[in-house]
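Please look over the sequence and the model below before reading on. The report that follows takes up a few selected parts in turn.

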Amino acid sequence: MSLVDLGKRLLEAARKGQDDEVRTLMANGAPFTTDWLGTSPLHLAAQYGHYSTAEVLLRAGVSRDARTKVDRTPLHMAAADGHAHIVELLVRNGADVNAKDMLKMTALHWATEHHHRDVVELLIKYGADVHAFSKFDKSAFDIALEKNNAEILVILQVCFLLYSSKIY
């Protein structure tokens, strides 16, 4: 089997959360390749919520801050899809909590956009910049306001107040 085929199979195994297949493919020399959008195996494990697969890939040395062609990291994917357990795994393994994609949106922006309160709380706990602005000059607070998400608005407002008073 060619390296290209091994790489494609690794991507598919990561997408499906097939830990044993991921291990076997890596042991057989599968390269850490990406699809045509620049999506790595870790992006796929993060996007689909496969915790143990993400762990396997991180231990194997896959870049925790790999970028797609639109500069999204695995953390962006996990946050946007509401996978708090993956968000915590990535951040604990050194993922950049404030990485910005092509739209200058952080994982906090994406979690807010998709109403994932638990992920918003986690990201803030791990130091997400609540003052970061996207390409469209929007903070996570602005997005929560637009989406009329009272729960996330309160969380972000408390962070703003604490940060402003230097208690944060």
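## Helices and annotated repeats

In helix H8 (residues 117–125), the buried residues are Val119, Val120, Leu122, Leu123 and Ile124, where buried means under 20% relative accessible area with a 1.4 Å probe, protein chains only. Helices here are DSSP runs of H or I with at least four residues, numbered from the N terminus. Just after H8, Gly127 has a positive phi of about 95°.

This is a predicted model, in which local features need pLDDT of at least 70 and side-chain atom pairs count only at pLDDT 80 or more, while totals for chains, interfaces and linings use all residues. Residues are numbered from 1 along each chain as its sequence is written, and side-chain values use heavy atoms, with hydrogens and water left out.

Helix H1 (residues 3–16) and helix H2 (residues 19–27) have axes that come within 9 Å and cross at roughly 160°, the axes being lines fitted to C-alpha atoms over the stretch in contact, with angles from 0 to 180 degrees between N-to-C directions. H1 and H2 are therefore roughly antiparallel to each other, a term for angles over 145 degrees. Their contact (heavy atoms within 4.5 Å) involves Leu6, Arg9, Leu10, Ala13 and Ala14 of H1, together with Glu21, Val22, Leu25 and Met26 of H2.

An unreviewed UniProt entry carries the annotation "repeat: ANK" for residues 37–69, 70–102 and 103–135; two of these stretches are described below.

| Residues | Helix | Strand | End C-alpha atoms apart |
|---|---|---|---|
| 70–102 | 48% | 0% | 5 Å |
| 103–135 | 48% | 0% | 5 Å |

Note on methods: Helix = DSSP H or I, 4+ residues; strand = E, 2+ residues; numbered from the N terminus. Parallel < 35°, antiparallel > 145°, perpendicular 65-115°, else oblique. Buried < 20%, exposed > 50% of the residue type's maximum accessible area, 1.4 Å probe, protein only. UniProt positions renumbered as here; feature names shortened; annotations may be inferred.
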